[in-house]
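Hi everyone, thanks for making time this morning. Let me put the structure up on the screen, and then we can walk through it together.

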Amino acid sequence: MCIRDRQSGELETKAACNVKHDNQTGRYLSVFHARWDPKEDGAFVVGSMCKPRQVEVYNCTWGEGKQKTKCHRIMSLQDSECIASVQSRNCFHPTRDIVISGNASGRVHVFR
């Protein structure tokens with residue numbers, strides 16, 4: 001997964017950071033869409049193919065000058081009793097610390 005600098009407002013041609021992430025969904029699943037957290041600069045959520053099924057939250061520290069941008073996983077949201085499928089659509093609540101995730105069949109999970 002490539003992370004592009006969203007703060008500059010310009011279309012970047014090269015990635016600011018690369019994150020190793022299992023996103024090989026195949027043809028029967030919806031493509032993953034990462035979503036930025038509107039409350040926290042540099043945090044984003046994305047689904048994962050990892051088992052047990054989970055949703056991953058990452059945080060980026062934007063490099064300045066010659067410093068590199070660094071991204072790392074800060075949280076893995078999972079519940080093996082409730083989540084048995086890949087959560088390809090995810091987002092943050094705009095004002096609260098809540099993550100909402102959904103799968104291709106329309107089932108939605110809320111993590112508080």
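I'll go through the salt bridges, then the nonpolar cores, and then the strands towards the end of my list. Please keep in mind that this is a predicted model.

Let's start with charge. How many salt bridges does the structure hold? There are two.

In one of them, the side chains of Asp-37 and Lys-39 come together, with an N to O distance of 2.8 Å. Asp-37 is buried, at 8% relative accessible area, while Lys-39 is partly exposed, at 30%.

The other salt bridge joins Arg-73 to Glu-56, also listed at 2.8 Å, N to O. This pair ties together distant parts of the chain: Arg-73 sits in strand β6, residues 70-77, and Glu-56 in strand β5, residues 55-61, with the two 17 residues apart. Is Glu-56 buried or exposed? Glu-56 is buried, with a relative accessible area of just 3%. Arg-73, on the other hand, is partly exposed, at 45%.

Now to the nonpolar side. In soluble globular proteins, nonpolar side chains tend to be buried together. Here, the largest nonpolar core has 11 residues, including Cys-17, Phe-32, Phe-44, Met-49, Tyr-58, Trp-62 and Val-86. Strands β4, residues 43-47, and β5 each supply at least two residues of this core. Apart from it there is another core of eight residues, and Val-57, Leu-77, Ile-83 and Val-99 are among them.

On to the strands, and I'd like you to zoom in on β7, residues 89-92. Which side chains of this strand point to the buried face? Those are Asn-90 and Phe-92, whereas Arg-89 and Cys-91 point to the other face and are not buried.

Next door in the pairing, β7 runs antiparallel to strand β8, residues 99-102, over four bridges. The two strands form a hairpin, with six residues between them. If you want to check the register, Arg-89 has Gly-102 as its bridge partner, and Asn-90 has Ser-101.

β8 also pairs with strand β9, residues 108-111, again in the antiparallel sense and over four bridges. Val-99, which we met in the eight-residue core, has Phe-111 in β9 as its bridge partner. There are five residues between the strands in this hairpin, and Gly-106 takes a positive phi near 100 degrees.

That's my tour, and I'm happy to rotate the view for anyone who wants another look.

Notes
Residues are numbered from 1 along each chain as its sequence is written. This is a predicted model: local features need pLDDT of at least 70, side-chain atom pairs count only at pLDDT 80 or more; totals for chains, interfaces and linings use all residues. Side-chain values use heavy atoms; hydrogens and water are left out. A salt bridge is a side-chain nitrogen of Lys or Arg within 4 Å of a carboxyl oxygen of Asp or Glu. Buried means under 20% relative accessible area, exposed over 50%, partly exposed in between (1.4 Å probe, protein chains only). A nonpolar core is a set of buried Ala, Val, Leu, Ile, Met, Phe, Trp, Tyr and Cys residues joined through side-chain atoms within 4.5 Å. Two strands pair if DSSP finds at least two bridges between them.
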